[in-house]
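Here is a set of exercises to work through with the model open beside you. Try each task before you read its solution.

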Amino acid sequence: MAEDTPLIVRVAVLSPLRRLFDYLIPNNVVEAWPDCKAEVGCRVMVPFGRREVVGLVVEHITTSELSVDQLKPVNRLLDSGPLLPSKLLTLFGWAANYYQHPIGDALFGMLPVLLRKGEPLPILGTRYWQLTNKGKGLGSDSLKRARSQKELIDRLLSDGACADSILVSDFSRAIITALESKQLIESFQHANPKISTQNILKQDALKLHDSQRLVLDSIDQHSFNCYLLDGVTGSGKTEIYLQAIEKTLRYDRQALVLIPEISLTPQTEKRFRDRFNVPIVTLHSGLTDKQRLAAWTSAKRGSAQIVLGTRSAIFTPLARPGLIIVDEEHDQSYKQQEGFRYSARDLAVSRAHKEGISVILGSATPSIESLNNCATGRYNHLILSDRAGTAKQPNWSLVDLKSEKSEAGIAASTLSAISQTVEQGHQVLVFLNRRGFAPAIICHHCGWSAECHNCDSRLTVHRARNRLICHHCDYQQRVPHLCPGCQGQELISLGEGTERSEEYLEKCFPQTKVLRVDRDSTRKKGAMQEVFEIGSSGEPCILIGTQMLAKGHHFANVTLVAVLDADSGLFSPDFRSHERLGQLLTQVAGRSGRGDLPGRVIIQTHQPQHPLLEMLIGSGYSFFAQQIMSERQITQLPPFRHMAVIRAESDRANEAETFLRTARNIAERINHPSPLVSYLGPLPAMLEKRAGRYRFVLQIDASKRSILQILLDALIVELNLHKDARRVRWSIDVDPQEM
Ligand code: ADP
Ligand code: ZN
Ligand code: ZN
């Protein structure tokens with residue numbers, strides 16, 4: 001080995017250990033892999049215990065805690081250049097720290113699976129597909145039986161040519177190959193085409209209203225800025241995104257757009273594809289590993305101009321970052337609820353800051369956090385208060401469940417409103433946030449009720465599948481004919497879920513299509529597609545579903561929205577439940593009257609005089625949110641305090657609790673309870689027993705983020721060394737969204 005200082009690299013590997021590992025880069029390895037580098041952001045193969053694993057170089061260092069002869073050499077270099085630019089690597093490493101997650105696990109979790117496994121970065125930007133003459137001459141009737149093939153043909157017909165890397169993100173390789181063998185499409189090689197700024201648009205932009213124009217003009221894309229685009233549903237936020245992105249593209253930068261759910265909102269993706277003539281890739285959970293890698297790579301290389309994705313897309317590197325948009329920024333799906341518990345919305349802001357670009361957070365119902373950031377001047381508050389088209393805000397009314405008869409959860413007056421709407425040839429959305437037929441089954445004679453053996457919960461009746469199912473652990477059994485307690489025959493399904501209301505609506509409206517949308521109904525392939533087709537066709541129908549139905553759909557012919565049960569959101573112990581109820585009700589109300597027809601919203605409740613409902617309906621979400629914000633300030637809850645929860649679960653009830661008591665003792669030794677730091681718990685979790693395990697939580701909150709961070713850093717080191725830490729399953733959640 002040469003005498004001069006050897007190159008030492010600090011490497012992250014996929015492991016639960018909260019540390020990096022040092023390795024040597026020997027000369028013979030450098031010589032053996034002349035096309036590869038060991039720069040920060042490149043992968044290396046390293047010996048790890050008795051295995052060989054993929055590592056990611058995070059830092060170059062000159063001295064290690066280990067002496068040079070104790071350091072192991074890397075075996076091999078894998079990349080010709082960094083997978084992640086060093087700015088992003090720094091940011092993502094910081095995020096692992098901030099959310100108290102092992103750095104290797106966090107960083108590797110951000111990479112496409114195939115890169116995690118050590119596969120090479122594909123070479124892209126060379127292969128394109130276009131229609132052959134035979135393909136161009138294809139009649140519109142052909143390929144009727146092969147819908148995806150037809151879609152691919154149509155796509156090439158409208159786009160001219162499409163990079164292979166982009167096509168595979170939307171179509172399977174089998175479809176492409178099938179069309180190639182039918183000689184309908186052909187591939188050709190081409191260097192990366194420079195996007196001409198002339199034909200960025202496939203479709204003209206809408207002429208903005210004055211208020212929209214004002215908003216668009218105030219978005220400065222030349223440095224870091226964070227904007228909260230706070231606009232009622234239908235106010236034209238998406239149009240603003242589209243026109244802001246157009247600007248981004250015109251100065252040859254890329255845009256990253258996060259949306260909560262792509263599979264549930266194909267309409268959003270379609271609007272982007274209809275507007276722009278540039279390569280767009282989508283990143284979501286439905287992709288195969290290969291498709292994901294291809295899409296990721298084209299974003300990184302810069303051939304994809306727009307990257308549309310769900311939560312984890314925030315980790316996608318961009319060659320020429322220009323703008324980040326987070327649509328429906330209040331949506332809970334941006335916070336990962338297990339493992340690396342990051343918030344993609346918050347990381348979007350940190351990332352924009354790091355990359356010196358702007359970020360737009362959009363919502364009709366902004367989170368209290370973001371509104372507070374506007375109040376303190378951290379974010380710019382942009383407001384659109386009117387609907388963009390001819391549509392008007394819907395009329396709300398409350399139905400008092402105490403004073404009305406109801407069946408299957410539907411009050412008589414609600415039923416007659418549905419009936420009127422259907423008779424007028426319009427569409428109805430009915431919301432009930434409980435899937436299944438009924439949330440409980442009980443015996444009329446002895447009061448027995450079916451409970452889950454593994455959880456503190458009742459079993460839900462699913463009539464279509466003739467099963468009782470636990471919604472917490474998925475335990476299932478057949479619906480019994482006789483009561484297991486007294487052998488009585490009168491078993492009653494108590495309460496209502498979407499299945500029961502669906503059945504009732506079908507009975508009441510035999511001539512009208514009733515479609516259910518929940519996790520059970522959408523398991524069937526193509527089920528969602530049917531909903532979109534019928535919804536968009538405008539034919540009269542009744543859609544009944546859970547929150548799934550609340551996400552971003554735009555059916556112009558919906559004029560009535562009925563919320564069957566607003567009460568559960570009023571009485572939940574989670575401090576965010578009121579905020580969420582306000583968001584949910586406002587969002588579902590926004591589904592009504594989006595076209596030219598005026599809309600109505602009916603809210604069923606046992607508490608029509610509840611001040612929160614009155615405030616929401618009387619004064620609207622902004623005012624409602626202001627009130628909640630002042631309450632949070634008075635009660636010192638987030639965003640006015642910074643919070644983390646430690647959750648623990650174990651097979652025996654006392655173990656988890658004891659562990660958290662220990663955690664609290666250690667924490668109190670580090671930081672005495674004071675106005676700066678306070679502790680709550682250990683307390684039983686909302687569902688104390690779940691899937692056979694007992695669950696407890698310890699809540700820690702601090703007046704400053706930095707105090708909380710320093711405390712957690714020290715606490716975790718000690719907890720990891722503690723003997724009880726291996727006996728329970730525990731995790732830490734910084735900025736928790738669910739209590
Ligand atoms: P949001 O994203 O806030 O719900 P959209 O951008 O989807 O709002 O706009 C709602 C409807 O209004 C859409 O049908 C859209 O095409 C239309 N729209 C938006 N801006 C304009 C405009 N400037 N002129 C005409 N129609 C508009
Ligand atoms: Zn009984
Ligand atoms: Zn269970």
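Buried here means under 20% relative accessible area, and exposed means over 50%. Keep in mind that this is a predicted model.

**Exercise 1.** Find the donors of the zinc ion (ligand 3), work out the geometry of the site, and say whether C455 and C470 are buried or exposed.

*Solution.*
- Start with the donor atoms: the SG atoms of C452, C455, C470 and C473 lie 2.2 to 2.3 Å from the zinc ion (ligand 3).
- Next, the angles. Those among the 4 donor atoms run from 102 to 114°, and the site is tetrahedral.
- Now read the spacing along the chain, which is C-x2-C-x14-C-x2-C.
- Then place one pair: C455 is in the loop between strand 21 and strand 22 (460-462), while C470 is in the loop between strand 23 (467-469) and strand 24. The pair is 15 residues apart and links distant parts of the chain.
- Last, apply the cut-off: C455 and C470 are both buried.

**Exercise 2.** Do the same for the zinc ion (ligand 2), and explain why its arrangement counts as tetrahedral.

*Solution.*
- The coordinating atoms are SG of C443, C446, C483 and C486, at 2.2 to 2.4 Å.
- The 4 donor atoms subtend angles of 102 to 116°. Four donors count as tetrahedral if all angles lie between 85 and 135 degrees, so the arrangement around the zinc ion (ligand 2) earns that label.
- Spacing in sequence: C-x2-C-x36-C-x2-C.
- C443 sits in strand 21 (residues 440-443) and C483 in the loop between strand 24 (476-478) and strand 25 (491-494), so this pair ties together parts 40 residues apart in sequence.
- C443 and C483 are both buried.

**Exercise 3.** Describe how helix 2 and helix 13 cross, and which residues meet there.

*Solution.*
- Two packed helices are described by the angle and the distance between their axes, so get those two first.
- For helix 2 (residues 86-98) and helix 13 (residues 344-355), the axes come within 10 Å and cross at roughly 145°.
- The handedness of this crossing is right-handed.
- From helix 2, the residues in contact are K87, L88, T90, L91, W94 and A95; they meet L347, S350, R351, K354 and E355 of helix 13.
- Sort these contact residues by type and you get 5 nonpolar, 2 polar and 4 charged.

**Exercise 4.** Q100 has a positive phi, and so does Q183. Which loops hold these residues, and is each one buried or exposed?

*Solution.*
- Take Q100: phi is near 55°, in a residue other than glycine. Q100 belongs to the loop between helix 2 and helix 3 (103-110). Its relative accessibility is 6%, so Q100 counts as buried.
- Now Q183, with phi near 60° and again not a glycine. Look for Q183 in the loop between helix 8 (173-181) and strand 9 (185-189). At 54% relative accessibility, Q183 counts as exposed.

**Exercise 5.** Locate the cis peptide bonds that join P638 to P639 and G681 to P682.

*Solution.*
- Between P638 and P639, omega is about 10°. P639 is in the loop between helix 20 (621-635) and strand 30 (642-650).
- Between G681 and P682, omega is about 5°. P682 lies within strand 31 (residues 677-690).

How values were computed. Residues numbered from 1 in each chain as written. Chains lettered and ligands numbered in written order. Predicted model: local features only at pLDDT ≥ 70, side-chain atom pairs only at ≥ 80, totals over all residues. Heavy atoms only, no water. Axes fitted to C-alpha atoms, helices over the stretch in contact; angles between N-to-C directions. Helix = DSSP H or I, 4+ residues; strand = E, 2+ residues; numbered from the N terminus. Left-handed = near helix turned anticlockwise from the far one by under 90°. Contact = heavy atoms within 4.5 Å. Nonpolar A, V, L, I, M, F, W, Y, C, P; charged D, E, K, R; others polar. Donors = N, O, S within 2.8 Å, 3.2 Å for Na, K, Ca; no water. Tetrahedral: all angles 85-135°; square planar, octahedral: opposite > 155°, others 65-115°. Buried < 20%, exposed > 50% of the residue type's maximum accessible area, 1.4 Å probe, protein only.
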